[in-house]
Amino acid sequence: MANSPYRTCPKCKKDNINRDYCAYCGAVINPYLKRKLERKEREVIEEKLAKAKGNRITDLFEKARVHRNPFIRFPVQFLYSIWVIVLAIGSFLAFLVGYIAA
Ligand SMILES: [Zn+2]
């Protein structure tokens with residue numbers, strides 16, 4: 001039975017009554033909880049990857065934008081605002097193309 005409170009631990013093969021974790025080895029034996037935990041784990045990893053990756057040009061601008069020399073800082077800030085607009089237009093076009101294609 002799927003809703004039986006008895007769950008056999010996949011790790012140590014011992015029966016547990018109405019538990020989410022194995023009383024003998026501590027493994028997660030509730031399939032719903034297990035799936036939920038796995039999903040959460042994946043989300044954390046994906047978030048980390050997205051943060052670590054970044055955009056190389058954006059990273060470069062981010063560094064130069066806070067540069068000590070104003071002769072570097074001001075033109076970079078100007079170029080950066082153009083870059084942000086280009087990115088916005090690019091993503092809008094990508095959205096449009098995706099919308100039309102779908
Ligand atoms: Zn176990």
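In which loop does lysine 13 lie? Lysine 13 is placed in the loop between β1 (6-8) and β2 (15-17). The structure is a predicted model. This briefing begins with helix α3, which spans residues 70-101, continues with the packing of α2 against α3, and then turns to individual residues in the loops and helices.

**Helix α3 and the annotated region**

- Helix α3 comprises 32 residues, and the distance from its first C-alpha to its last is 45 Å, close to the 46 Å expected at 1.5 Å a residue.
- The helix is hardly covered, with a count of 1 for buried residues among its 32 residues.
- An unreviewed UniProt entry carries the annotation "transmembrane region" for residues 78-101.
- In the model, the chain over residues 78-101 is 100% helix and 0% strand, and the C-alpha atoms at the two ends of this stretch are 35 Å apart.
- Valine 86 belongs to helix α3, and it counts as exposed because it has 11 C-beta neighbours inside 10 Å, where 12 or fewer is the cut-off for that class.
- Valine 86 and valine 97 are 11 residues apart along the chain, and their C-alpha atoms are separated by 16 Å.

**Packing of α2 against α3**

- Helix α2 (residues 56-65) packs with α3 at an angle of about 145°, and the axes of the two helices are 9 Å apart.
- The crossing of these two helices, α2 and α3, is left-handed.
- On the α2 side, the residues that meet α3 are Ile57, Phe61, Ala64 and Arg65; on the α3 side, they are Ile72, Arg73, Val76, Gln77, Tyr80 and Trp83.
- Sorted by class, the contact of α2 with α3 contains 7 nonpolar residues, 1 polar residue and 2 charged residues.
- Lysine 63 is also located in helix α2, and it is exposed because 10 other C-beta atoms lie within 10 Å.
- Between lysine 63 and arginine 73 there are 9.5 Å in space, C-alpha to C-alpha, for a separation of 10 residues in sequence.

**Cysteines in the loop between β2 and α1**

- Cysteine 22 is situated in the loop between β2 and α1.
- Why is cysteine 22 classed as buried? It has 21 C-beta neighbours inside 10 Å, and the class requires 20 or more.
- Apart from residues up to four places away in sequence, cysteine 22 touches Cys9, Lys11, Cys12, Lys14, Asn16, Ala27 and Ile29.
- One of these contacts, cysteine 12, is 10 residues from cysteine 22 in sequence and 8.7 Å from it in space, C-alpha to C-alpha.
- Cysteine 25 lies in the loop between β2 and α1, and it is partly exposed because 13 other C-beta atoms lie within 10 Å.
- With neighbours within four places in sequence left aside, the contacts of cysteine 25 are Cys9, Lys11 and Cys12.
- Cysteine 25 and arginine 35 are 10 residues apart in sequence, and their C-alpha atoms are 19 Å apart in space.

**Positive phi values in the loops**

- Most residues other than glycine have a negative phi.
- Lysine 13 has a positive phi of about 65° although it is not a glycine.
- The exposure class of lysine 13 follows from its neighbour count: it counts as exposed because it has 10 C-beta neighbours inside 10 Å.
- Asparagine 18, likewise not a glycine, has a positive phi of about 50°.
- Asparagine 18 is located in the loop between β2 and α1 (31-53), and it is exposed because 9 other C-beta atoms lie within 10 Å.

Definitions and conventions
Residues numbered from 1 in each chain as written. Predicted model: local features only at pLDDT ≥ 70, side-chain atom pairs only at ≥ 80, totals over all residues. Helix = DSSP H or I, 4+ residues; strand = E, 2+ residues; numbered from the N terminus. Expected span 1.5 Å × (residues − 1). UniProt positions renumbered as here; feature names shortened; annotations may be inferred. Axes fitted to C-alpha atoms, helices over the stretch in contact; angles between N-to-C directions. Left-handed = near helix turned anticlockwise from the far one by under 90°. Contact = placed C-beta atoms within 7 Å. Nonpolar A, V, L, I, M, F, W, Y, C, P; charged D, E, K, R; others polar.
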